[in-house]
Amino acid sequence: MNRNATAYSLLFAIHSHLGAKHHVPTHISDSYRHTINHILPFYANSPRLSDQLQKSIPVRNRVCHFKPVTRQDIVLLTSICSSLHISQSTKVGMRR
């Protein structure tokens, strides 16, 4: 799987997980950036995760505008999934 497809799958898993976990209203959850900004107060006690979530916004923009993503972007998204305890089976299209 290429990096952009992997990044898309990870972003989808993160967005879905956060939307469901924090009951983000639809008018907010339609936007990845708005979802992240809405849930950040829930992670105030985890500055590293908050920072990573904010850094994921430009990665999402690169993916959605068909710009190449880096290996570091994939590492960032994988780290977020790990911190949020998103299981491997939840990641759409991800191989085990």
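**Entry 1: H1 against H3**

I started with the contact where Leu11, Ile14, His15 and Leu18 of H1 meet Tyr32, Thr35, Ile36 and Ile39 of H3. I sorted these residues by class and got 6 nonpolar, 2 polar and no charged. A reminder to myself: this is a predicted model.

Next I looked up the geometry. H3 covers residues 32-39, and H1 packs with H3 at an angle of about 50°, the axes being 10 Å apart. H1 and H3 are therefore oblique to each other. I also noted the handedness: H1 passes H3 in a left-handed crossing.

**Entry 2: H1 against H4**

Which residues of H1 meet H4? I found Asn4, Ala7, Tyr8, Leu11, Ile14 and Leu18 on the H1 side. On the H4 side I wrote down Leu53, Ser56, Val59, Arg60, Arg62 and Val63. By class, I have 8 nonpolar, 2 polar and 2 charged residues for the contact of H1 with H4. Leu11, Ile14 and Leu18 of H1 are in my list for H3 and in my list for H4.

I then checked the axes of H1 and H4, which come within 10 Å and cross at roughly 130°. That angle makes H1 oblique to H4. Here I logged a left-handed crossing of H1 past H4.

**Entry 3: H4 against H5**

I moved on to H5, residues 71-83, which packs with H4 at an angle of about 135°, with the axes 10 Å apart. Are H4 and H5 parallel or oblique to each other? They are oblique, and the reason is the angle between 115 and 145 degrees, the range left over between roughly perpendicular and roughly antiparallel. H4 passes H5 in a left-handed crossing.

For the contact, I listed Arg48, Leu49, Gln52, Leu53, Lys55, Ser56, Val59 and Arg62 from H4. From H5 I listed Asp73, Leu76, Leu77, Ser79, Ile80 and Ser83. The class split I got for H4 with H5 is 6 nonpolar, 4 polar and 4 charged. Leu53, Ser56, Val59 and Arg62 of H4 turn up in this contact with H5 and in the contact with H1.

**Entry 4: the largest pocket**

Last, I looked for pockets. The largest pocket has a volume of about 170 Å³. Its lining is made of Tyr8, Leu11, Phe12, His15, Ser16, Asp30, Tyr32, Arg60 and Cys64. I asked myself which elements give two or more residues to this lining. The answer is H1 (3-21) and H4 (47-64).

Which element gives the most? I found H1, with 5 residues. By class, I counted 5 nonpolar, 2 polar and 2 charged residues in the lining of the largest pocket.

I cross-checked some names. Tyr8 and Arg60 line the largest pocket and also take part in the contact of H1 with H4. His15 and Tyr32 are in the lining too, and I had met both where H1 touches H3. Leu11 lines the largest pocket as well.

Technical notes
Residues numbered from 1 in each chain as written. Predicted model: local features only at pLDDT ≥ 70, side-chain atom pairs only at ≥ 80, totals over all residues. Heavy atoms only, no water. 1 Å grid on protein atoms, 1.4 Å probe; cavity = no way out; pocket = protein on both sides within 12 Å on 5 of 7 lines; lining within 4 Å. Points joined across faces, edges and corners; volume = space filled by probe spheres on them. Helix = DSSP H or I, 4+ residues; strand = E, 2+ residues; numbered from the N terminus. Nonpolar A, V, L, I, M, F, W, Y, C, P; charged D, E, K, R; others polar. Axes fitted to C-alpha atoms, helices over the stretch in contact; angles between N-to-C directions. Parallel < 35°, antiparallel > 145°, perpendicular 65-115°, else oblique. Left-handed = near helix turned anticlockwise from the far one by under 90°. Contact = heavy atoms within 4.5 Å.
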